[in-house]
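Dear colleague,

I am handing over the structure below, and I would be glad if you could look through it before reading the notes that follow.

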Amino acid sequence: MAEGWDESFDRGSQSDESYQLERTHIEPIYDSFVCPLTKQVMRDPVTLENGKTFEREAIERWFKECRESGRKPVCPLTQKELKSIDLNPSMALRSTIEEWTTRNEAALLDIARRTLSQGNSERDIMQALKYIQHICQKSRSNKHVVRTTGLIPMIVDTLKSSSRRVRCKTLETLRIVTEEDSDNKVVLAEGDIVRTIVKFLSHELSREREEAVSLLYELSKSEVLCEKIGSVNGAILILVGMTSSNLENVPTVEKADRTLENLEKSEKNVLQMAENGRLQPLLMRILEGPPETKLTMAAFLGELVLSNDKKLLVAKTVGSSLVNIMRSSNVQSREAGLKALNQISSYEASAKVLIGAGILPPLVKDLFTVGANRLKEVSATVLANIVSSGYDFDSIPLGPDHQTLVSEDIIHNLLHLINNTGPSIECKLLQVLVGLTSSPATVRNVVAAIKSSGATISLIQFIEASQKELRLASLKLLQNLSPNMGQELADALRVTAGQLGTLIKVISENNGISEEQSAAVGLLADLPERDLDLTRLLLDESAFELVIARVTSIRHGSARGGRFTTPYLEGLVQVLARLTVVLADDPKAVALAREHNLAALFTDLLQSNGLDKVQMVSAMALQNLSEESKRLTELPELPKPGFCASVFPCFSQRQVTTGLCPIHCGTCSMKETFCLLEGKAVGKLVACLDHTNEKVVEAALVALCTLLEDDVDVGQGVMALFEVDGIKPILDVLREKKTEFLRQRAVWAVERILRTEQIAYDISGDPNVSTALVDAFQHGDIRTRQIAERALKHIDKIPNFSGIFQKIS
């Protein structure tokens with residue numbers, strides 16, 4: 001055991017540890033030093049009138065208890081009544097006790113120093129640390145002694161102990177030694193002591209971690225140490241992590257948070273905190289700091305990578321301030337503000353907050369002002385971000401002239417900039433137009449401005465840009481424009497050299513399905529399908545063969561897909577379907593459709609569950625193909641009748657040819673004549689009548705109606721539907737009346753079906769069908785009402801001799 005430690009010291013419980021420490025001494029303790037009431041060495045001895053001496057605080061408490069109990073004051077030792085309770089300070093005794101205490105504490109501190117320096121047992125080191133804590137808590141002057149005697153470095157050395165108890169006690173001791181003592185804090189700032197303390201923060205959910213946080217909180221009260229702590233790699237990151245942890249105990253989280261609050265005194269620490277997700281200190285400096293600080297913080301904010309929720313926080317907190325910084329005449333301030341706005345505007349919600357903060361007028365003004373292209377690129381990027389939020393930009397005035405972002409002059413200025421700047425700015429401005437044309441509310445304004453400026457050709461030329469991002473932006477813009485100015489784009493593609501070939505090349509790339517491919521095929525898909533010249537150009541470019549190959553690879557799973565697979569496939573099918581529109585006008589189209597068995601391909605695509613547009617377009621393509629079946633079917637050549645048969649018709653016999661299509665009365669096949677019946681497509685079209693998407697149902701019903709037209713055998717068409725259980729689904733479409741178009745087509749189909757007597761007889765008893773036909777008869781357009789009347793006659797709901805409408809073909 002180290003020299004001088006009381007043997008009973010280590011046996012004391014935690015509750016009486018302070019008492020044990022108080023009694024620890026080297027010099028003999030005199031009875032006159034001890035208060036009879038507290039049994040401890042007195043600090044402020046006072047004497048009563050009977051000569052008895054007590055600790056002032058203890059005897060005052062005794063007299064108070066006497067008063068409260070209604071007793072007269074008595075001496076606690078003699079129990080005799082006192083005439084006076086005056087307390088006379090024992091100055092000599094106090095001085096003697098202080099001298100004794102000083103000598104005793106110095107001797108014990110010396111023992112503690114030797115204990116720590118000699119590598120004693122864990123118990124002795126713990127006793128030494130506890131005594132140092134005790135003596136420092138007694139007075140600030142003792143902390144001075146601890147520093148001047150060189151104890152602080154010795155205490156720090158015990159952090160290397162293999163004992164967790166010792167390390168925890170050391171951290172606790174250092175906190176007590178430095179409390180309210182800036183000089184002792186300075187000592188800890190020397191060397192790698194702070195770094196060593198920070199290392200204990202990485203000890204997950206341990207007492208050492210808690211003690212280290214408490215010590216760092218105490219040290220962070222010193223401005224000198226704030227930068228020191230912040231300079232330790234990982235210190236701020238760990239502290240920020242602790243404040244957001246659900247696993248830490250509440251006091252530890254609070255200490256970590258208060259430590260970070262103290263560290264905010266250093267601007268460098270504020271930047272580190274922002275980098276690690278604690279943005280509020282930086283945001284407050286943007287709001288309240290001097291101009292140079294605002295500039296520094298905004299510039300740093302522009303370099304951060306923020307999550308979406310952080311972007312929204314920044315926009316709500318300092319969005320207006322950043323807009324004001326951007327308005328500055330100082331180029332450096334404008335650049336800092338723009339870069340910060342660029343960071344937070346890329347999230348839709350935060351972009352909308354910035355619009356409310358008034359970002360658009362100065363942003364557009366900055367973009368159109370003659371100046372450095374470097375700032376124009378950032379302005380264009382921010383504007384592209386803002387526009388992609390989907391806001392109603394037709395309602396936001398940009399100045400006193402009440403112009404908006406989609407006013408003709410503004411669009412003209414954007415188009416002018418696009419043609420007179422570098423690729424990076426051109427790309428961002430094209431993205432601005434992409435955003436404006438993505439909204440039904442503003443696309444028409446943009447289309448009108450493009451037409452009036454004659455910019456169509458110049459926009460199409462970007463298809464051949466070497467920069468991929470620029471090419472993608474142009475394709476997305478043209479895709480958005482194509483539903484509203486498809487003929488203009490088709491005309492431009494026909495007259496400009498190379499763009500159509502580039503478009504096909506992009507579509508046919510076989511290195512995964514990209515957004516660029518999706519946009520390119522979407523553009524081509526929306527061009528007018530009846531533009532025969534464009535279709536012939538596509539035939540000459542072998543575009544349809546490439547499209548068929550890509551559709552097949554996707555269907556077989558050999559194409560690497562992603563989130564653009566669905567729109568890409570939809571576009572491919574739509575492009576391929578345009579071939580079926582020109583079959584009657586172009587033999588090359590017929591030959592290609594036969595060679596690749598397009599009828600079978602579109603029939604297969606009808607079963608693309610979950611791809612409504614693919615199913616709808618495939619049904620429409622099958623309708624076009626089926627319309628051509630009547631023209632392509634090879635009718636049999638019947639032999640001429642002999643002489644007897646010509647003179648005596650009774651001798652003639654009806655010629656019967658087997659193996660013919662019952663509907664088209666000729667030789668049919670799916671591949672050669674695109675016959676729906678021969679290709680087993682009828683049942684798959686019928687299955688689509690139950691689809692939840694009305695557009696798919698419409699397309700499937702129209703395709704089926706080609707089997708019931710006047711120039712085919714309607715009865716056989718009805719039988720073809722009957723054999724695949726197709727009658728009831730068509731009646732269901734009639735009853736449901738989902739759209740006016742569906743009602744018209746269903747009434748037409750049902751009238752044709754009811755021409756078959758047996759079916760008419762079976763249906764005549766179905767009140768739902770009757771009601772639906774009566775409703776069409778009463779509320780449909782003139783042609784629908786006429787057809788409904790005929791259908792009602794078939795089921796005897798209207799007499800055959802009545803004719804409300806004139807006979808129609």
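Which residues are linked in a network of salt bridges? In this predicted model, the network joins D710, E751, R752, R755 and R790, and the structure as a whole holds 49 salt bridges. As background, side chains of opposite charge can pair when their charged atoms come close.

Three other pairs may help you to see how such contacts are placed. R56 and D44 meet through their side chains in a salt bridge, at 2.8 Å from N to O; because R56 belongs to helix 2 (residues 56–69) while D44 sits in the loop between helix 1 (17–23) and strand 1 (45–47), this pair ties together parts that are 12 residues apart in sequence. Within helix 2 itself, E57 and R61 lie 4 residues apart, about one turn of the helix, and they form a salt bridge whose closest N and O atoms are 3.9 Å apart; E57 is exposed, at 56% relative accessible area, whereas R61 is partly exposed, at 43%. The side chains of K451 and E488 also meet in a salt bridge, at 3.3 Å from N to O, and this pair links distant parts of the chain, with K451 in helix 24 (residues 443–453) and E488 in helix 26 (residues 468–495), 37 residues apart.

Turning to internal space, the structure holds 2 cavities of 30 Å³ or more, and the largest cavity contains about 50 Å³. Its lining is made up of I504, I507, S508, L524, A543, L546, V547 and R550, of which 6 are nonpolar, 1 is polar and 1 is charged. Helix 30 gives the largest share of that lining, 4 residues.

With best wishes

Definitions and conventions. Residues numbered from 1 in each chain as written. Predicted model: local features only at pLDDT ≥ 70, side-chain atom pairs only at ≥ 80, totals over all residues. Heavy atoms only, no water. 1 Å grid on protein atoms, 1.4 Å probe; cavity = no way out; pocket = protein on both sides within 12 Å on 5 of 7 lines; lining within 4 Å. Points joined across faces, edges and corners; volume = space filled by probe spheres on them. Helix = DSSP H or I, 4+ residues; strand = E, 2+ residues; numbered from the N terminus. Nonpolar A, V, L, I, M, F, W, Y, C, P; charged D, E, K, R; others polar. Salt bridge = Lys/Arg side-chain N within 4 Å of Asp/Glu carboxyl O. Buried < 20%, exposed > 50% of the residue type's maximum accessible area, 1.4 Å probe, protein only.
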